[in-house]
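Subject: Structure for you to look at, with notes

Dear colleague,

I am passing on the structure we spoke about, and I would be grateful if you could read the notes below with it open in front of you.

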Amino acid sequence: MEKVYVAVDIGASSGRLILSKLVDHKLKLKEVHRFKNGFANVQGHDRWDIDKLIAEILIGLEKIKKAGYNAVTLGIDTWAVDYVLVDSQGKKLQDPVSYRDARTEGSIERLTTDLPKKYIYQKTGIQFLDFNTLYQLFEEDKELLAKTDKIMMIPDYIGYVLTGTAVTEVTNASTTQMLSLREGLFDDHLLSKVNVKESQFPKLVEAGTVLGNLKEELKTTYDLPETKIITVATHDTASAVVGTPGIGQRWAYLSSGTWSLIGAELNTPENGEQAFRENYTNEWGAYGTYRFLKNIMGLWIIQSIKRELHDQYSFVELANLAEQEPPFQQFIDVNDQRFQNPANMISEIQAYCQETGQRIPKTPGQLTMAVYSNLSLYYANELAILDTILNYRIDSLNIVGGGSNVKLMNQLTATIADVDVYAGPSEATAVGNIIVQMITEGDILNVYLARRIISHSFEIKKFTPEKNKYPQILQKYRDFLANKIDMKG
């Protein structure tokens with residue numbers, strides 16, 4: 001019988017169910033259901049409607065059944081760090097709070113007054129971001145925590161509702177900044193600082209663990225296919241890295257979506273002094289690897305601009321307008337916290353440029369070019385930092401995710417970073433999700449062969465550096481960032 005795999009891939013703005021088959025040693029993908037996602041302010045906090053997400057998954061599975069597929073294998077990936085609190089009866093205590101909620105502002109400073117940052121980094125190898133689960137739990141309602149039987153990461157909770165089996169998958173668990181880098185267990189000392197116990201987390205499992213079948217009771221409400229659920233690399237970035245073809249001898253990846261995650265796949269973690277100083281993270285990957293990377297604000301900025309322009313332009317139209325504008329008309333630290341969740345992104349960018357005495361972008365094209373050109377500068381700067389930490393020269397950058405379709409940004413990145421850029425697949429997260437399922441089921445031997453299949457299944461576009469273009473622009477950007485830090489402190 002023909003094997004059919006389904007990737008449930010949920011991001012901050014939307015979710016999809018993508019159906020896949022392996023045909024003549026090539027992956028074939030088909031999106032069967034798409035739905036919107038987003039947080040809303042409920043009871044004083046920005047929260048995700050987790051029940052709606054689960055209902056959409058079941059609607060998608062109904063569509064798959066109606067299309068004639070009576071049995072499928074399914075994997076779930078979502079964003080990281082957020083969690084659901086569950087009581088002893090298996091019921092959620094509240095809808096999960098979004099990582100973009102303001103409750104963790106200043107939490108790092110408060111928690112690290114008696115717990116040095118270097119101590120935490122040496123234990124966990126995880127970068128300091130104020131929305132990490134460690135700081136969310138630090139700010140969590142203590143009475144609610146006392147009622148909590150289990151703390152589940154978002155994809156683990158969805159899997160639990162669908163199957164009744166509770167686990168904590170390691171690629172997502174590592175982002176909490178509470179997992180010991182060397183021991184592979186939750187660190188008791190860090191847990192005690194946020195009033196939780198290891199027993200409140202379901203057992204840790206690796207990507208590729210069979211979770212179980214859909215609960216029978218769900219079939220009384222929905223007409224569903226027989227569905228075996230596999231716990232894949234549940235953090236969407238971990239799945240995206242699995243789905244990256246890895247072209248080059250010393251390649252780096254850029255998972256370019258709402259967030260930009262730039263880094264390298266390592267077999268051993270790197271949590272030395274320079275990695276700590278540059279705030280690089282060692283998130284766990286599938287199959288014993290580490291995602292050594294840096295978080296960058298990413299296409300969230302463009303998504304916000306598009307929304308504030310009342311969606312009158314598509315992303316393609318915005319990129320076309322940007323191509324009519326000269327790049328590098330202003331320098332912007334795209335990772336500045338002020339761009340994480342401003343009331344109005346366009347106004348925030350314009351205020352930033354005014355405050356720093358630079359040209360203010362006004363038109364949609366100018367705004368889009370300002371973001372894309374500064375993202376390219378930030379990527380190039382981080383690749384140079386990555387070279388120094390790893391002590392070797394990165395020879396290619398593999399861009400996957402939605403950003404792989406932005407030719408303007410890809411070419412600017414290749415030129416400024418002076419590396420070959422390989423763009424695609426855009427659906428790397430879903431591809432990686434499916435690859436783990438296929439390896440678990442024995443259809444593909446390992447991830448190395450999987451990446452060869454990926455490179456032959458999808459168009460990979462190559463961008464080569466344009467020599468002697470934009471001379472000294474990267475150094476000028478570095479000087480701008482250095483002066484900005486000096487002014488702050």
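The notes that follow take up two sheets, the helices that pack on them, and one residue in a loop.

Please keep in mind throughout that this is a predicted model.

I begin with the sheet that holds the N-terminal strands listed here, in which six strands are arranged in the order β3-β2-β1-β6-β12-β11, forming an open sheet with mixed pairing. Its edges are β3 (26–36) and β11 (209–213), each of which pairs on one side only, and neighbouring strands are turned against each other by 25° on average, direction ignored. Within this sheet, β1 (residues 5–10) and β6 (residues 71–77) run parallel and are joined by five bridges, with D9 standing opposite D77 of β6. Helix α16 (residues 428–441) packs on the sheet, where it touches β1, β2 (14–23), β3, β6, β11 and β12, and its direction makes about 140° with that of β1. Helix α6 (residues 154–163) lies across β1, β6, β11 and β12 (226–231), and runs at about 35° to β11.

The other sheet is also open and mixed in its pairing, and is built from seven strands in the order β15-β16-β14-β13-β17-β18-β19. Here the edge strands are β15 (281–284) and β19 (461–463), each paired on one side only, while the twist from one strand to the next averages 30°.

Strand β13 deserves a closer look. Six of its six residues are buried, so β13 is largely enclosed by the rest of the structure. Both of its faces are covered, with W251, Y253 and S255 buried on one side and A252, L254 and S256 buried on the other. Along one pairing, β13 runs parallel to β17 and is joined to it by five bridges, in which Y253 has N398 of β17 as its bridge partner. Strand β13 also pairs with β14 in the antiparallel sense over four bridges, L254 being partnered by I262 of β14, and a hairpin of three residues joins β13 to β14. From there, β14 (residues 260–266) is joined to β16 (residues 290–296) by seven bridges in an antiparallel arrangement, and L261 stands opposite N295 of β16.

Helix α14 lies across β13 (251–256), β14, β16 and β17 (396–400), running at about 145° to β16. The axes of α14 (residues 364–390) and α15 (residues 407–417) come within 8 Å and cross at roughly 35°, and this crossing is right-handed. Among the residues that make the contact are M369, Y372, L375 and L383 of α14, together with L408, M409, L412 and I416 of α15. The residues of this contact divide into twelve nonpolar, three polar and no charged.

Lastly, what surrounds Q177, which is found in the loop between α7 (170–173) and α8 (188–193)? Q177 is buried, with a relative accessible area of 0%. A polar atom of the Q177 side chain lies 2.9 Å from the backbone oxygen of I126, and the side chain of Q177 also reaches the backbone oxygen of Q127, at 3.4 Å. Leaving aside neighbours within four places in sequence, Q177 is in contact with I120, T124, I126, Q127, F128, N132, L134, Y135 and L190.

With kind regards

Note on methods
Residues are numbered from 1 along each chain as its sequence is written. This is a predicted model: local features need pLDDT of at least 70, side-chain atom pairs count only at pLDDT 80 or more; totals for chains, interfaces and linings use all residues. Side-chain values use heavy atoms; hydrogens and water are left out. Two strands pair if DSSP finds at least two bridges between them. Helices (H or I, at least four residues) and strands (E, at least two) are DSSP runs, numbered from the N terminus. Axes are lines fitted to C-alpha atoms, for helices over the stretch in contact, and angles run from 0 to 180 degrees between N-to-C directions. Contact means heavy atoms within 4.5 Å. Buried means under 20% relative accessible area, exposed over 50%, partly exposed in between (1.4 Å probe, protein chains only). A polar contact is a pair of N or O atoms within 3.5 Å; within protein, one must be able to donate a hydrogen and the other to accept it, and residues adjacent in sequence count only if both atoms are side-chain atoms. A crossing is left-handed if the near helix is turned anticlockwise from the far one by less than a right angle, and right-handed if clockwise. Ala, Val, Leu, Ile, Met, Phe, Trp, Tyr, Cys and Pro count as nonpolar, Asp, Glu, Lys and Arg as charged, and the others, Gly among them, as polar.
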